[in-house]
Structure formats: C-alpha cells, structure tokens
Amino acid sequence: MTQANPSFPRPDRLTRPVRRIAIVGASGKLGQYMVQHALDRGWEVVGVCREQSVSKLARFAERITIVPGPTNDAEVIRRAVAGCDGVLVVLAPWGVNRQYASGTAQAVLDHAEPGARLVFSCGWHITRDGQDQYSWAFRLMLVVFRWIGLLTRFAELDDQVEACRRIFESDRDWTVVRGSDLEEGESEGLPVWSAHVGDPILKSNRTRRVDFALFMVEALVDPALSQQAPAIVSRLAPSALAHAPIAQTA
Ligand SMILES: NC(=O)c1ccc[n+]([C@@H]2O[C@H](COP(=O)([O-])OP(=O)(O)OC[C@H]3O[C@@H](n4cnc5c(N)ncnc54)[C@H](OP(=O)(O)O)[C@@H]3O)[C@@H](O)[C@H]2O)c1
C-alpha cells in the first residue's frame, strides 16, 4: 500500500463541502459521464473544453457553465477553477511537443483554490513509486503506442508521465486515478482499487467508462484518496469478485 504524505488528510480537507466543481476535458467520453454524475449530486459544474468541442456539451448547455479553450492555457484554467471546491481533470497525451497534459496539470496545480480537491485521470502505465508490476504484453503495448504516437505525431505518452510527476511532487490535495482498459455499457457500480498494478484484484483489467467517471467524482469527497494513485477495476470483474474480501472501495 502506498504511503500518503503523513500530513494527509488534513482536517480542513476532510470537512470542505463540495458545491461547485470544474471539469477539465468535459467534452470527451469520460468528461461527459463526469458531468452527468456531478449534476446528479446537485453540484454546480463548470466545464472546460476545446472551442471545437463545445457542441458536444449541448445536452448540458442549460445546466452548466462552459469555458471554451485549450486546457493547457493557464488563463482558461484560472477562469474555470475560480470558486471551485474541486477539479476533475482528464489528462490526455494527445499531440507532440505541445505539453498538453503537463501544461493542463500545471495550470490546475497553479490556479485551483487553496484546499480544493484535485482529481486527475490517467492509465495504468503511470507509476508513482515504481512498485507496479506490468505484464510483458502491457509493456509491449506501451512501447508500440509510444513509438506509433511519436511517429504519427498523434500522442506523446511521456508528457502524460511528466504531468503525473508534477502532480506527485505537489503538496496539493490531489488524487491520480489510474484507469484499466475501458469499455462502454451500463454501470456496474463503484470500481474497487489497489495501490499497485500487478495486485491480483486488478488482473481482469477492465472497467466501464461510466464507472471510471463515478470513481473520479467519488474521489472528490473521499479524504482517504488524498495523495493516492489508485489503480481501478470494475467491482464485477472476475478478479475483483475473487478478491472481494480484501477489496478496497473508494
Ligand atoms: N481509452 C482507454 O482505454 C483508457 C484506458 C485507461 C485510462 N484511460 C484514461 O482515461 C481518460 C479518458 O480517456 P478516453 O480514452 O476515455 O478519452 P476521452 O474521455 O474521450 O477524452 C479524451 C480527451 O482528450 C481531448 N482531445 C482529443 N483529441 C485532442 C487533441 N488533439 N488535443 C487536445 N485534446 C484532445 C478530448 O477533448 P475533445 O472533446 O475536445 O476532443 C477529451 O477531453 C484519459 O485520462 C486516459 O488516459 C483511457
């Protein structure tokens, strides 16, 4: 189990109620699920997305505030997170030499309100303490994705790694949620988690995207996840069911 900074959770972080949140990357698949979960809880939502993606949020337009712009633009983020008790951030590795993920993370770390809960999404490839155990197939997939991403200038996985390095070094009230392979479908409930990839409970490596979003939203109000990097899996996945007695839930 990864040890959190001994100063966490601080009392002020346990009691801060959530009323208004920002969702950075709100127009993507994960983002739209998070918007719905947050509205279901009665929270005010400020969504940040690229100008060309505003129309994807049309069904929420009457109920949320939308701040259009690149998510790695510090001024866009500063406006969006003002007055927010929490921020949910989709960290995406898209593009090369744009520092999109690291710039987005940095802007949120720099401009979020003092004491705000900050919850970031990424994949299992991110490791906080080097204690994760990856299969050869997973490692191979990463090598292929890394090189194809660079050659096609489609994605830069290392910038997402850099984004998380900055988050892990920060003394902010952060959580980095590491998603397994994602699939669409009806909710299976709140995923279970473990501190390290390679733990038997995670073996099935699958989570419904709607439940990844649920875990992100739940992390905003769970002080036990402060300065943690939970790797998640569906609570109905065979590996989760097999290890249910020791499963950790958010
Ligand atoms: N896909 C998986 O199997 C998987 C597995 C594990 C973890 N994750 C993690 O889950 C999170 C969401 O991933 P997802 O695959 O489900 O995708 P997603 O929710 O659709 O999110 C993709 C995000 O990237 C943005 N985006 C797309 N192209 C872009 C570009 N060229 N420049 C800048 N931003 C761009 C999208 O914004 P627009 O709406 O503006 O396009 C959207 O906010 C990520 O943090 C990812 O690391 C994914």
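Q: Which residues in H7 do Lys-29, Leu-30, Tyr-33, Met-34, His-37 and Ala-38 in H2 meet?
A: This is a predicted model, so local features need pLDDT of at least 70 and side-chain atom pairs count only at pLDDT 80 or more, while totals for chains, interfaces and linings use all residues. Residue numbers start from 1 along each chain as its sequence is written. Helices (H or I, at least four residues) and strands (E, at least two) are DSSP runs numbered from the N terminus, and two residues are in contact if their C-beta atoms, placed from the backbone, lie within 7 Å. On that footing, the H2 residues meet Arg-209, Val-210, Phe-212, Ala-213, Leu-214, Met-216 and Val-217.

Q: How many residues of the contact of H2 with H7 are nonpolar?
A: Ala, Val, Leu, Ile, Met, Phe, Trp, Tyr, Cys and Pro count as nonpolar, Asp, Glu, Lys and Arg as charged, and the others, Gly among them, as polar. With one polar and two charged residues in the contact of H2 with H7, the nonpolar ones number ten.

Q: Is H2 roughly parallel or oblique to H7?
A: Axes are lines fitted to C-alpha atoms, for helices over the stretch in contact, with angles from 0 to 180 degrees between N-to-C directions. The axes of H2 (29–40) and H7 (residues 209–219) come within 8 Å and cross at roughly 55 degrees. Angles under 35 degrees count as roughly parallel, over 145 as roughly antiparallel, 65 to 115 as roughly perpendicular and the rest as oblique. That makes H2, relative to H7, oblique.

Q: What is the handedness of the crossing in which H2 passes H7?
A: A crossing is left-handed if the near helix is turned anticlockwise from the far one by less than a right angle, and right-handed if clockwise. For H2 passing H7, the crossing is right-handed.

Q: How many of the eleven residues of H7 are buried?
A: A residue is buried if 20 or more other C-beta atoms lie within 10 Å of its own, exposed if 12 or fewer, and partly exposed in between, with C-beta atoms placed from the backbone. Phe-212, Phe-215 and Ala-219 are among the buried residues in H7. H7 is mostly covered, and its buried residues number nine.

Q: Which elements give two or more residues to the shell around the ligand?
A: A residue is near the ligand if its C-beta atom, placed from the backbone, lies within 6 Å of it. By that test 23 residues surround the ligand, with Gly-25, Gly-28, Leu-30, Ser-53 and Gly-179 the closest. The elements giving two or more residues are helix H2 and strand E5 (117–123).

Q: Is H4 roughly parallel or oblique to H6?
A: The axes of H4 (residues 100–111) and H6 (residues 157–169) come within 7 Å and cross at roughly 20 degrees. That makes H4, relative to H6, roughly parallel.

Q: How many charged residues belong to the contact of H4 with H6?
A: Residues such as Thr-104 and Gln-106 in H4 meet residues of H6 including Glu-162 and Arg-166. Alongside six nonpolar and four polar residues, the charged ones in this contact number three.

Q: Is Gly-198 buried or partly exposed?
A: Gly-198 lies in the loop between strand E8 (192–194) and strand E9 (207–208). Leaving aside its neighbours within four places in sequence, Gly-198 is in contact with Asp-132, Gln-133 and Tyr-134. Because Gly-198 has 15 C-beta neighbours inside 10 Å, it counts as partly exposed.
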